[in-house]
Amino acid sequence: MKVCFLCDLHLPTNKEVLQYKVLDWAIDNIKTTKLDCIIFAGDVACDGNIDVYRWFLAKIQEIGIPYIYIPGNSDLRNPKYKALVMQACNVASCSAHPIRG
């Protein structure tokens with residue numbers, strides 16, 4: 001299984017910055033590599049702006065492969081959009097289990 005792991009994009013509202021060019025490069029690479037899954041581990045947006053998430057999710061869904069999104073602290077920074085971000089994304093959850101040995 002081929003998996004892509006991305007994190008800490010910190011995308012601002014202004015789409016003319018380097019982060020968007022890097023994400024476009026990564027998406028092109030993902031398409032040519034024919035990956036099985038993408039894992040996004042937090043901090044997609046720098047300020048929890050819902051328009052950034054809508055743009056981001058549209059770009060990721062265009063790829064057409066399964067993805068898991070785990071929100072980070074920057075993603076949940078804006079209380080006004082927190083519920084929408086959580087609802088709009090395929091949010092993974094995990095629980096801690098003690099290791100016994």
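This text walks through the fold of one protein, from its overall layout to two pairs of aromatic rings. The model is a predicted one.

Start with the whole chain. The protein has 101 residues, and 36% of them count as buried. It holds 3 helices and 3 strands. Read from the N terminus, the elements follow the order β-α-β-α-β-α. About 6,400 Å² of the protein is exposed, and carbon and sulfur atoms supply 57% of that area.

Next, look at the sheet. The 3 strands form an open sheet in the order 1-2-3, and the pairing is parallel. Strand 1 (3–6) and strand 3 (67–70) are the edge strands, as each pairs on one side only. On average, neighbouring strands of this sheet are turned by 10° against each other, direction ignored. What holds strands together in general? Strands of a sheet pair through backbone hydrogen bonds, either parallel or antiparallel. Here, strand 2 (residues 37–41) pairs with strand 3 in the parallel sense, over 4 bridges. Find Ala41 and look across: it stands opposite Ile70 in strand 3.

Now add a helix. Helix 2 covers residues 50–63 and lies across strand 2 and strand 3. It runs at about 155° to strand 3.

Helix 2 also takes part in the ring contacts. How many aromatic pairs are there? The count comes to 2 aromatic pairs. Take Tyr20 and Trp55. Their ring centres are 4.8 Å apart and their planes stand at 70°. Planes over 60 degrees apart count as edge-to-face, so this pair is edge-to-face. Tyr20 sits in helix 1 (residues 18–33) and Trp55 in helix 2. The two residues are 35 residues apart, so the pair links distant parts of the chain.

Are these two residues buried or exposed? Buried means under 20% relative accessible area. Tyr20 has 3% relative accessibility, so it counts as buried. Trp55 has 23%, so it counts as partly exposed.

Phe40 and Phe56 form an aromatic pair too. Their centres lie 4.9 Å apart, with 80° between the planes, and the pair is edge-to-face. Phe40 belongs to strand 2 and Phe56 to helix 2, so this pair ties together parts that are 16 residues apart in sequence. Both Phe40 and Phe56 are buried.

Finally, step back to the contacts across the protein. Consider those between residues at least 6 apart in sequence: 72% of them join residues at least 24 apart.

How values were computed:
Residues are numbered from 1 along each chain as its sequence is written. This is a predicted model: local features need pLDDT of at least 70, side-chain atom pairs count only at pLDDT 80 or more; totals for chains, interfaces and linings use all residues. Side-chain values use heavy atoms; hydrogens and water are left out. Two strands pair if DSSP finds at least two bridges between them. Axes are lines fitted to C-alpha atoms, for helices over the stretch in contact, and angles run from 0 to 180 degrees between N-to-C directions. Contact means heavy atoms within 4.5 Å. Rings of Phe, Tyr and Trp (its six-membered ring) pair if their centres lie within 6.5 Å; planes under 30 degrees apart count as stacked, over 60 as edge-to-face and the rest as tilted. Buried means under 20% relative accessible area, exposed over 50%, partly exposed in between (1.4 Å probe, protein chains only). Accessible areas come from the Shrake-Rupley method with a 1.4 Å probe; for residues, only the protein chains shown count as cover.
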